[in-house]
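Here are a few exercises on a ligand and the pocket around it. Grab your viewer and work through them one at a time.

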Amino acid sequence: MNIAENIDQLQQELAPSGCKLIAVSKTKPVSTLMEAYEAGVRDFGENKVQELVSKYEQMPKDIRWHMIGHLQRNKVKYIAPFVHLIHSVDSIRLLEEINKQGAKHHRTISCLLQAHIAEEESKFGFSDEEFFQLIRDETIQHLKYVQIIGVMGMASFTPNEAKVRQEFEHLKLLFEALKHNDDLPDQIRMEEISMGMSGDYRIAIEEGSTMVRIGTTIFGERNYQQ
Ligand SMILES: *Cc1c(COP(=O)(O)O)cnc(C)c1O
C-alpha cells in the first residue's frame with residue numbers, strides 16, 4: 001500500500017470537480033496518518049470520539065478534524081474545542097448540545113445534517129419530512145454557536161450502482177430544495193454535500209458531491225481485531 005500514491009491518484013480524480021478529500025483514518029495508527037499528512041492531506045475523518053481526541057493530541061495542529069460517525073450528546077464536550085466539521089448530526093437535541101459546548105469554548109461549530117437516504121434500517125439521519133420540519137423549527141434560530149453548512153449521506157451498501165446513484169441523486173435534490181428555501185434561518189447555509197466512500201465515490205462525484213470520505217482506498221483494509 002503506497003499511501004502517497006493513492007492520495008495523489010485520488011486528488012487527480014477529484015481535481016476537475018473541486019470535490020474535497022477527507023481521509024478516513026479510523027483504526028489506523030498515528031504513524032500511518034503521518035504518511036498521509038506528509039503527502040499533503042490536512043483533512044482527516046474519524047468516527048469515534050476517543051480516537052479522534054487522541055489523534056488530535058498527537059498530530060500537527062494545522063489538521064482539520066472531521067467527526068463522521070454517530071455522535072452521542074455526552075461526548076460532544078471532548079471534541080468541541082477543536083473539531084472542524086461534524087458530518088453526522090442526526091437530531092435537534094444533538095444540535096442543542098453542540099451549541100452549548102460551542103458557547104463554552106467561544107467557537108461556532110460547523111455541522112452537516114445527516115440524511116437518511118439508504119434503505120437499510122441501521123443508518124442514522126433525518127428523513128425528507130424531518131428536514132423540512134427542522135428548518136422551520138424555532139429552536140434552530142437560538143443556536144448561535146452552530147453553523148449548519150450542508151448535508152451528509154451514506155448510500156446503501158450494494159453492488160447495484162443504479163440504486164446507489166439514485167440515493168445520491170436524491171440527496172442532491174434534497175440539498176437543492178433546502179438551499180432554495182426562502183425561510184432558511186441564519187444558522188443554515190447550504191454549501192456542502194458530503195457523500196461518497198471508497199466503493200462509490202465516483203458515482204457520488206458525478207451526482208454533485210463536494211466532499212468524499214475515503215478510507216480503504218487510501219490506507220487499505222481496516223483490521224478491527226487489533
Ligand atoms: C468508514 C467510513 C467511511 C470510509 O469508508 P471506506 O469504505 O473505507 O472508504 C466513510 N464514511 C463513514 C461515515 C465511515 O464510517
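Before you start, keep in mind that this is a predicted model.

**Exercise 1.** Find polar side-chain atoms close to the ligand, and work out how much of the ligand the protein covers.

*Solution.* Start with Arg222: one of its polar side-chain atoms is 2.8 Å from a ligand oxygen. Next, look at Ser198, where a polar side-chain atom sits 2.5 Å from an oxygen atom of the ligand. Then turn to Arg213, whose side chain has an N or O atom 2.9 Å from a ligand nitrogen. A polar contact needs a pair of N or O atoms within 3.5 Å, so these pairs make the cut. Now for the cover: on its own the ligand has 390 Å² of accessible area, and the protein covers 90% of that.

**Exercise 2.** Which residues surround the ligand, and how do they divide by type?

*Solution.* Going along the chain, you pick up Val24, Lys26, Ile68, Met154, Met197, Ser198, Arg213, Ile214, Gly215, Thr216 and Arg222. Sort this shell and you get five nonpolar, three polar and three charged residues.

**Exercise 3.** Where does the ligand sit, and what lines that place?

*Solution.* The ligand is in the largest pocket, which holds about 910 Å³ of space. Its lining has 33 residues, with Lys26, Met154, Phe157, Met197 and Arg222 closest to the centre. By type, the lining splits into 13 nonpolar, 11 polar and nine charged residues. Finally, check the helices: H7 (161-179) and H8 (201-206) each give the lining at least two residues, and H8 has the largest share, with three.

Technical notes
Residues are numbered from 1 along each chain as its sequence is written. This is a predicted model: local features need pLDDT of at least 70, side-chain atom pairs count only at pLDDT 80 or more; totals for chains, interfaces and linings use all residues. Side-chain values use heavy atoms; hydrogens and water are left out. A residue is near a molecule or strand if one of its heavy atoms lies within 4 Å of it. A polar contact is a pair of N or O atoms within 3.5 Å; within protein, one must be able to donate a hydrogen and the other to accept it, and residues adjacent in sequence count only if both atoms are side-chain atoms. Accessible areas come from the Shrake-Rupley method with a 1.4 Å probe; for residues, only the protein chains shown count as cover. On a 1 Å grid over the protein atoms alone, a cavity is a set of points where a 1.4 Å probe fits but cannot get out, and a pocket is an open set with protein on both sides within 12 Å along at least five of seven lines; lining residues have an atom within 4 Å of a point. A molecule sits in a cavity or pocket if more than half of its atoms lie within 2 Å of its grid points. Ala, Val, Leu, Ile, Met, Phe, Trp, Tyr, Cys and Pro count as nonpolar, Asp, Glu, Lys and Arg as charged, and the others, Gly among them, as polar. Grid points are joined across faces, edges and corners, and a volume is the space filled by probe spheres set on the points. Helices (H or I, at least four residues) and strands (E, at least two) are DSSP runs, numbered from the N terminus.
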